[in-house]
Each structure stands twice: as C-alpha cells, then as structure tokens.
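Good morning, colleagues. Please have the sequence and the coordinates open as I go through a few local features.

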Amino acid sequence: VLLLIIDGRQTHSLGASMNDLINVMLDFGAVNAANLDGGGSTTFVAKQEGSNELTIVNRPSDGYERSVSSSLMIVSTAPASNEFDHALVTSDYDYLTIGTSIKFTATGVSSSGNSANLPSNVVWESSDEAIGTISEGGVFTAKDNGTVEIRLMSNGTEIGSKTIEVVNPDGLKFTKKSINTVYGKPISLPLVATYNENPVAICANDIE
C-alpha cells in the first residue's frame, strides 16, 4: 500500500496535476490508485518515530490545518512499549561543507515506535575521522569531502546511526527576490547553498 502526500503550490512545492499523480503512481508500480481531496485539505499527521504525540508532517498549502469531514487513518495494533530498543539519530542537514559544524541529536525509541529513555553511557563516533570528527556533545565538524556515518554507541554496540556527506555545493540561490533593510544596519542575506537540490550547511567563509 502506497500513500502519497504532495504539498500544494507554495514556494517549496509546485504541487501536482492529475497527470503528475498518475505518472508518479505508475513509476512506483501502483496497480490501482485513488485520489482524495487536494489543496489545503492535503494534511499528513503522524506519530513520528520516538514520539508519543501526533504532529503535522507536511506543509499544508493553507498555512494551517483545514477542517475536513473525513480522514484516512492507519493505526498500529502493536502493544505500546516504552522500553528502549534503538536510537533515532538526526541532524538539520544531510550535507555540509569542509569546516562546517552541525549538531546531532539522539532520541530513544521503543519496539513500538514510542519514546524511550536512552542508555546512560552513550558515546558518539565518526566512521572516518579523516572526513570529520564528532564531539562528546554530538557536534560534527567536517575536515574533508566524502561520506561518513555518525554512530551512537553503547557498551561498544551501535544503537543508532546516520550517514551524511561533506560536499562542494553545486547551487547557490536567494530565497527572496527582494528584502527591506534599514540604512547603516547589517542584514543577513537570505542565501541557500544546495547539492543536487538538497540544502547544504555552510560556514561564513564559504561565501564571498
């Protein structure tokens, strides 16, 4: 069963026509497909891994949740558990440049996907310290281009990981066509670096 949620037309999304939806479903190998209501009604709410709360996962085009008369719900019947099973390792970026630092966080997850307490003796590791190192507090600093796996260890056993890439961005763009500023006051330009259209974390001296 494939569930597809496409954000309506916004700065980050072009939305999708019916032909777009047909082609995406065919690309995924769908045999039967049904289209539900679109536009601002397109809302994806989920209890994400390591959380006990429901949150909005997509970005509804109305800018907020629209009242709807019906919803398609998928509910797990697995017994709820809060006993630690593994760690969810996350960061704000999957790509960064040499010299840039990003923060990693870890969330304890139970076998049923609920939140769970992390073990008390966790240690961060980088799979290749020639590409970058990570501090005790989970701050990774890139040293060279390449792919590296960030691991969270407990008693010598990996309990969670995430792969990131140190790259040279292939795109640079402003997120706004114009900005207002006050004479004589500095302002940060709304600039975003990308790699294969993915956002890249950069440091100040990357830009001239």
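Where is Ser112 found? Ser112 lies in the loop that runs between strand S5, residues 101–110, and strand S6. I should say at the outset that this is a predicted model.

Let me stay with Ser112. Is Ser112 buried, partly exposed or exposed? Its relative accessible area is 22% and buried means under 20%, so Ser112 counts as partly exposed. Setting aside residues up to four places away in sequence, Ser112 touches Lys47, Pro79, Ala80 and Ser81. Ala80 is 32 residues apart from Ser112 in sequence, yet their C-alpha atoms are 5.6 Å apart in space. The side chain of Ser112 also reaches the backbone nitrogen of Ser81, at 2.9 Å. A polar contact of 3.1 Å links the side chains of Ser112 and Ser110.

I turn now to a second serine, Ser126, which is placed in strand S6, residues 122–126. Here the relative accessible area is 13%, under the 20% limit, and Ser126 is therefore classed as buried. Which backbone atom does the side chain of Ser126 reach? The answer is the backbone oxygen of Gly132, at a distance of 2.8 Å. Gly132 is also on the contact list of Ser126, which leaves out residues up to four places away in sequence. The other entries on that list are Thr133, Ile134, Phe140, Val148, Glu149 and Ile150.

Next, the strand pairing around S13. Strand S13 covers residues 198–201 and runs parallel to strand S4, residues 95–96, with two bridges joining them. Within this pairing, Tyr95 has Val200 as its bridge partner. Strand S12, residues 191–195, is joined to S13 by three bridges, and these two strands run antiparallel. Thr194 stands opposite Pro199 of S13. S12 and S13 form a hairpin with two residues between the strands, and in this hairpin Asn196 takes a positive phi near 50°.

Finally, the second largest pocket. How much space lies in it? The computed volume is about 260 Å³. Its lining consists of Thr11, His12, Arg59, Lys173, Phe174, Thr175 and Val192. Sorted by class, the lining has three polar, two nonpolar and two charged residues. Val192 brings us back to strand S12, which spans residues 191–195.

To close, I return to the two serines: Ser112 is partly exposed, whereas Ser126 is buried. The side chain of Ser112 reaches a backbone nitrogen, that of Ser81, while the side chain of Ser126 reaches a backbone oxygen, that of Gly132. Thank you for your attention.

Terms used:
Residues are numbered from 1 along each chain as its sequence is written. This is a predicted model: local features need pLDDT of at least 70, side-chain atom pairs count only at pLDDT 80 or more; totals for chains, interfaces and linings use all residues. Side-chain values use heavy atoms; hydrogens and water are left out. On a 1 Å grid over the protein atoms alone, a cavity is a set of points where a 1.4 Å probe fits but cannot get out, and a pocket is an open set with protein on both sides within 12 Å along at least five of seven lines; lining residues have an atom within 4 Å of a point. Grid points are joined across faces, edges and corners, and a volume is the space filled by probe spheres set on the points. Ala, Val, Leu, Ile, Met, Phe, Trp, Tyr, Cys and Pro count as nonpolar, Asp, Glu, Lys and Arg as charged, and the others, Gly among them, as polar. Helices (H or I, at least four residues) and strands (E, at least two) are DSSP runs, numbered from the N terminus. Buried means under 20% relative accessible area, exposed over 50%, partly exposed in between (1.4 Å probe, protein chains only). A polar contact is a pair of N or O atoms within 3.5 Å; within protein, one must be able to donate a hydrogen and the other to accept it, and residues adjacent in sequence count only if both atoms are side-chain atoms. Contact means heavy atoms within 4.5 Å. Two strands pair if DSSP finds at least two bridges between them.
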